[in-house]
Amino acid sequence: VSSAPQTIHGGVTVPTLIVVSEENKFSFLPPQRWRAQSGTSEKRIRLVRPDSVSLMTIDITEDKGKQTLPLSADALRRELLDRHPGGRIVEEFAASALGQAGLGFDLEWRTNNDVRQSARHVFVRFAGGHLEFTLTSPAHSFSQHHHDLNRLMLSFRSAALDTRLEVQPVIPE
């Protein structure tokens with residue numbers, strides 16, 4: 001992961017994050033005040049908000065020449081419920097990134113300390129793999145960060161390694 005600064009109206013500099021994986025390049029604009037951290041794996045990008053316990057992750061899965069299979073809602077439901085024991089899916093919805101349709105799921109569960117947690121998982125295919133965007137937060141602050149995740153997904157761009165990567169221009173709000 002590297003950063004390419006962009007200067008917008010008023011001389012404000014915002015970072016564009018660029019990720020180079022084995023076969024693809026990606027760029028995206030992290031939400032304001034969210035900071036990138038090293039992930040636990042090379043194919044995971046972590047974004048944390050310093051003033052809260054909310055976390056976003058982006059997981060990149062490349063198929064490496066294997067035929068890509070559609071993302072099955074049933075299989076994704078099972079996988080998410082396995083990841084969040086005792087959790088329940090509270091909403092399923094259509095989502096998109098990279099100009100591709102995807103599937104989204106909101107979940108809730110209680111931690112060992114009896115804290116209600118929420119997560120939004122969005123799965124989107126790209127040529128050669130799929131992305132999983134995740135927002136995890138205490139349930140009481142979960143809805144405050146939906147727009148941040150949506151803006152991140154809208155800014156996401158990809159390109160094969162041997163082609164030019166489009167960087168999302170920043171337009172002041």
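Trainee: What percentage of the 173 residues in the protein do buried residues make up?

Mentor: In this predicted model, buried residues make up 43% of the 173 residues, where a residue is counted as buried if its relative accessible area is under 20%.

Trainee: Why is K25 called buried?

Mentor: K25 has a relative accessible area of 16%, and the cut-off for being buried is under 20%, so K25 meets the definition and is rightly called buried. K25 is found in strand β3, and, leaving aside residues up to four places away in sequence, K25 touches V19, V20, R157, S158, A159, A160, L161, T163, R164 and L165.

Trainee: How do you know that strand β10 is largely enclosed by the rest of the structure?

Mentor: Strand β10 covers residues 129-138, and 9 of its 10 residues are buried, so we conclude that the strand is largely enclosed by the rest of the structure.

Trainee: What makes β6 and β10 a pair of strands?

Mentor: Two strands pair if at least two bridges are found between them, and 8 bridges join β6 (residues 55-62) to β10, so the requirement is met. These two strands run antiparallel, and the bridge partner of M56 in β10 is L135.

Trainee: What makes β9 and β10 a pair as well?

Mentor: Between β9 (residues 116-126) and β10 there are 10 bridges, against a requirement of at least two, so these strands pair too, and they run antiparallel. The bridge partner of V124 in β10 is L131. β9 and β10 form a hairpin with 2 residues between them, and G128 in the turn has a positive phi of about 100°.

Trainee: Which residues have the most contacts inside the largest nonpolar core?

Mentor: That core has 24 residues, and those with the most contacts inside it are F28, I58, L131, F133, L152 and F156. At least two residues of this core come from each of β2, β3, β5, β6, β7, β9, β10 and α2. As for F156, it touches F26, S27, F28, I58, L98, L131 and F133, again without counting residues up to four places away in sequence.

Trainee: Which residues does the second, separate core include?

Mentor: The second core has 7 residues, and among them are L76, L80, L107 and F123.

Trainee: How many helices and strands does the protein have?

Mentor: The protein has 2 helices and 11 strands, and, read along the sequence, they follow the pattern β-β-β-β-β-β-α-β-β-β-β-α-β.

How values were computed:
Residues numbered from 1 in each chain as written. Predicted model: local features only at pLDDT ≥ 70, side-chain atom pairs only at ≥ 80, totals over all residues. Heavy atoms only, no water. Buried < 20%, exposed > 50% of the residue type's maximum accessible area, 1.4 Å probe, protein only. Helix = DSSP H or I, 4+ residues; strand = E, 2+ residues; numbered from the N terminus. Core = buried A, V, L, I, M, F, W, Y, C linked by side-chain atoms within 4.5 Å. Contact = heavy atoms within 4.5 Å.
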